[in-house]
Amino acid sequence: MLNRVVVTGMGGVTAFGQDWADIRARMLRYENAVIYMNEWDKHQHLDTRLGAPVVDYKPPADWTRKQLRSLGRVSQFCVEAAGNALKMAGLYGDDAIKDGRMGVAAGSSAGSTPDIFALSEMVERGESGRFNANTYIRMMPHTTAANVAIFYGLTGRIIPTSCACASATQAIGYAAEAIRHGYIDTMLAGGGEELCASEAYVFDALYATSQHNGAPKTSPAPYDRERDGLVIGEGGAFLVLESLAHAEARGATIYAELIGFGSNADGTHVTRPEAATMQRCMALALANAGLEAKDIGYVNGHGTATEQGDIAETRATAALLPKTPISSQKSYFGHTLGACGAMEAWFSIEMMREELFMPTINLSTVDPRCGDLDYIKDEARAIATDYVMSNNFAFGGVNASLIFKRWHD
């Protein structure tokens, strides 16, 4: 018999803060975290100057120098976000999580970029002044998963996921599968990303970044007819997932149940999204959850504000879930890449619990080429539903979809 998987903790580090109450209050101002990145002016061949950073971030004062040595910025986000989730779950500082019954699933697009640059300098120029024993630990693709496990002494299974903007969604889904099949009792699952001009260069080369450099708050504008591209953001978020039996045995508060996960590959092109396989991915999640399309009351869309992405995603969603309410939190936080799946899963659960769903800001007129959906815009909307879907679709044709059920005591 398969285990039921429940969410007992959620936490993050975002451009709007770390507590849901603070994040919610900022979102209800209907303004985003996007700013002009003055430090990018030195990059003559970079067209965009927009980013959504976690401004003035500092790691907790009680972290030791030894702990910090292996933690690049992305790992700092993830370790603190994981700690926040553990606190909400009542497991922070509990030695019981170290006995092998808790594991980690986490990812990011890459490791910490300053350390990648340090290695590049050493290889290309023979300059090794910035390269030390911890450089690789900070730059490796699985730096988030490894550092969370090491920091909290977790000895259960570890599942690194590094697949761009589906990294955290895959981590949550694979963690849930491990619990569902009885391989482990509880998992920390999520992901993170740190903002870097190198990422902006990547999307610049694909003509996918916003050029509204003189009016940063007007971008990104997912699904809008006049959108002009994405904005890169940063942050980290984690969920604590447990088997229902494990959570009940320790008297944990339960916030939601993860009932559906679907994932597949486009199998056609590295950067061109495919509506057909996106639709199939969402159908897999519905089948996994044992639900019909009509049961889903809200879709947390990927909503990157890129032309091909928005059109393919919404057409796929509309084909399966016609006229379903949808919005994108990337309009607030930018595209946080490896973090977005966990951030958006967290927000989906909180919005479902409060029956208040945030809009896509900067959405004035929906692109007529997008799918026929109920686009939440202008202001937050009251919706009572027991089921929400959260979708992410990544470079390489990696598609992932999660379905959460509202928990009724």
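How many bridges join strand β6 to strand β8, and do the two run parallel or antiparallel? Eight bridges join them, and the strands, residues 186-193 and residues 235-243, run antiparallel. If you want a single pair to click on, take M187, whose bridge partner in β8 is L241. Keep in mind throughout that this is a predicted model.

Now zoom out to the sheet that holds this pair. It is an open sheet of 11 strands with mixed pairing, and its order reads β5-β4-β6-β8-β1-β9-β16-β15-β10-β11-β13. At the edges stand β5 (158-160) and β13 (374-375); each has a single partner strand, so one side of each is left without a neighbour in the sheet. As a general reminder, strands of a sheet pair through backbone hydrogen bonds, in either the parallel or the antiparallel sense.

Follow the order from β6 through β8 and you come to β1. Strand β1 covers residues 5-13, and nine of its nine residues are buried. On the β8 side, β1 pairs in the antiparallel sense over eight bridges, and there G9 stands opposite V240. On the other side sits β9 (residues 256-265), again antiparallel to β1, with three bridges joining the two. V7 is a handy marker here, since its bridge partner in β9 is A256.

There is a second sheet to look at. This one is also open, but it has three strands, in the order β2-β3-β7, and its pairing is mixed. The edge strands are β2 (35-36) and β7, each of which pairs on one side only. Two bridges join β2 to β3 (residues 50-52), and these strands run antiparallel. In that pairing, I35 stands opposite G51 of β3.

Next, a helix. Where does α6 sit, enclosed or out in the open? Helix α6 spans residues 143-152 and is largely enclosed by the rest of the structure, because nine of its 10 residues are buried. The buried set is T143, T144, A145, A146, N147, V148, A149, F151 and Y152. In general, an α-helix has 3.6 residues a turn, so residues three or four places apart point the same way. Just after the helix comes G153, which takes a positive phi of about 65°.

The loop between α8 (197-205) and β7 (232-233) deserves a slow walk, and L206 is found in it. With V202 and F395, L206 makes a nonpolar surface patch of about 230 Å². Taken alone, L206 counts as partly exposed, because its relative accessibility is 36%.

Y207 belongs to that α8-β7 loop too. It has a positive phi of about 55° although it is not a glycine. Is Y207 buried or exposed? At 78% relative accessibility, Y207 counts as exposed. The loop between α8 and β7 is also the place of P220, and a cis peptide bond joins S219 to P220, with omega at about -5°. For background, most residues other than glycine have a negative phi, and most peptide bonds are trans.

E355 is another non-glycine residue with a positive phi, near 60°. You'll find E355 in the loop between α13 (340-354) and β12 (356-357). Its relative accessible area is 29%, so E355 is partly exposed.

Last stop, the cysteines. How many disulfides does the structure hold? Zero. Take C196 as a test case: the closest cysteine sulfur, in C78, is 16 Å from the sulfur of C196, and that is too far for a bond, given that a disulfide needs its two sulfur atoms within 2.5 Å. C370 is in no disulfide either, and the nearest cysteine sulfur, that of C165, is 17 Å away. Both C196 and C370 are out of the way of solvent-facing positions in the sense that each counts as buried: C196 has a relative accessible area of 10%, and C370 has one of 9%.

Key. Residues numbered from 1 in each chain as written. Predicted model: local features only at pLDDT ≥ 70, side-chain atom pairs only at ≥ 80, totals over all residues. Heavy atoms only, no water. Patch = residues over 30% accessible without salt bridge, like charges linked within 9 Å, V, L, I, M, F, W, Y side chains within 5 Å. Areas by Shrake-Rupley, 256 points an atom, 1.4 Å probe, with all protein chains shown as cover. Salt bridge = Lys/Arg side-chain N within 4 Å of Asp/Glu carboxyl O. Helix = DSSP H or I, 4+ residues; strand = E, 2+ residues; numbered from the N terminus. Buried < 20%, exposed > 50% of the residue type's maximum accessible area, 1.4 Å probe, protein only. Pairing = 2+ DSSP bridges.
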